[in-house]
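Visitor: I have a model open and a handful of labels I'd like to see justified. Could you walk me through them?

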Amino acid sequence: QVQLVESGGGLVQAGGSLRVSCAASGRTFSSLVMAWFRQAPGKEREIIAAIGTTLNTYYADSVKGRFTISRDNAKNTVYLQMNSLKPEDTAVYSCAARSLPLPTAAPYPYWGQGTQVTVSS
């Protein structure tokens, strides 16, 4: 089992920056693929970034060039640095983990509770 706890969400003005974090426990963090998802009101949940065990990354087109995913294996933590935020980035951001490597399209069995990010115009 893997336990994930997000932190760092909040309210920010458009054009601003925010960093959310996700602390993991329960398994060897360095062996996990970590990802960030978001779900806006009335919309489906979407994957926006992922980072593999070799630090390979994936970004959705909607955040490419603005968001950066990173991991600190010594701290068992994955980060999502969000810059140039837009009102349409408003959503609940959740981290997720799995064992199967990128770029395999596989489900993520482990999830955090999510953290709200609100971008005001």
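Guide: What follows is a set of questions about those labels, each answered from the model.

Visitor: Before we start, what kind of model is this?

Guide: It's a predicted model. The protein chain has 0 helices and 11 strands, so from the N terminus on it reads β-β-β-β-β-β-β-β-β-β-β.

Visitor: What makes the protein chain as compact as a globular protein of its length?

Guide: Set its radius of gyration against the globule rule. The chain comes out at 13 Å and the rule gives 14 Å for 121 residues; those values are close, so the label holds. Along the principal axes, the C-alpha atoms fill a box of roughly 40 × 25 × 25 Å.

Visitor: What about burial and contacts over the chain as a whole?

Guide: Of the 121 residues, 45% count as buried. Among contacts with a separation of 6 or more, 57% are between residues 24 or more positions apart. The chain exposes about 6,100 Å², with carbon and sulfur atoms supplying 51% of that. As for charge, there are 11 positive and 7 negative side chains, and the centres of the two sets lie 5 Å apart.

Visitor: Which residues have the most contacts inside the largest nonpolar core?

Guide: Leu-4, Met-34, Trp-36, Leu-80, Met-82 and Tyr-93, in a core of 30 residues. Strands S3, S4, S5, S7, S8, S9 and S11 each supply at least two residues of this core. There is also a second, separate core of 7 residues, which includes Val-33, Ala-35, Ala-96 and Leu-102. In general, nonpolar side chains tend to be buried together in soluble globular proteins.

Visitor: What does Leu-80 touch?

Guide: Not counting residues up to four places away in sequence, Leu-80 touches Leu-18, Arg-19, Val-20, Trp-36, Ile-48, Ala-49, Phe-67, Thr-68, Ile-69 and Tyr-93.

Visitor: Why is Met-82 called buried?

Guide: Buried means under 20% relative accessible area. Met-82 has 0%, so it qualifies. This residue sits in strand S8, and its contacts beyond four places in sequence include Leu-18, Val-20, Phe-67, Tyr-93 and Val-117. Met-82 and Val-20 are 62 residues apart along the chain, yet their C-alpha atoms are separated by 8.1 Å.

Visitor: Ser-94 is a serine. How do you know whether it is buried or exposed?

Guide: By the number again: Ser-94 has a relative accessible area of 12%, which is under 20%, so it counts as buried. It is found in strand S9. Leaving aside neighbours within four places in sequence, Ser-94 is in contact with Glu-6, Ala-35, Trp-36, Phe-37, Trp-111 and Gly-114.

Visitor: And why does Val-12 count as buried?

Guide: Val-12 is at 12% relative accessibility, under the 20% cut-off, so the label follows. It lies in strand S2 and is in contact with Ser-17, Leu-85, Thr-118, Val-119 and Ser-120, leaving aside neighbours within four places. Tyr-108 is 96 residues from Val-12 in sequence and 29 Å away in space, C-alpha to C-alpha.

Visitor: What makes Ala-14 partly exposed?

Guide: Partly exposed covers what falls between buried, under 20%, and exposed, over 50%. Ala-14 is at 40%, so it lands in between. It is placed in the loop between S2 and S3. Its C-alpha atom is separated by 5.7 Å from that of Val-119, 105 residues apart along the chain, and its contacts include Leu-85, Pro-87 and Val-119.

Visitor: Which backbone feature marks out Asn-76 and Ser-84?

Guide: A positive phi in a residue that is not a glycine: about 55° for Asn-76 and about 50° for Ser-84. Asn-76 is in the loop between S7 and S8, while Ser-84 is in the loop between S8 and S9.

Visitor: Why is each called partly exposed?

Guide: Asn-76 has a relative accessible area of 28%, which is neither under 20% nor over 50%, so the label fits. Ser-84 is at 42%, so the label fits there too.

Visitor: Last one: what makes the bond between Leu-102 and Pro-103 a cis peptide bond?

Guide: Look at omega, which is about 0° there. Pro-103 lies in the loop between S9 and strand S10.

Notes: Residues numbered from 1 in each chain as written. Predicted model: local features only at pLDDT ≥ 70, side-chain atom pairs only at ≥ 80, totals over all residues. Heavy atoms only, no water. Helix = DSSP H or I, 4+ residues; strand = E, 2+ residues; numbered from the N terminus. Rg over C-alpha atoms; globule rule 2.2 N^0.38 Å. Buried < 20%, exposed > 50% of the residue type's maximum accessible area, 1.4 Å probe, protein only. Contact = heavy atoms within 4.5 Å. Areas by Shrake-Rupley, 256 points an atom, 1.4 Å probe, with all protein chains shown as cover. Lys, Arg positive; Asp, Glu negative; His and termini not counted. Charge placed at Lys NZ, Arg CZ, Asp CG, Glu CD. Core = buried A, V, L, I, M, F, W, Y, C linked by side-chain atoms within 4.5 Å.
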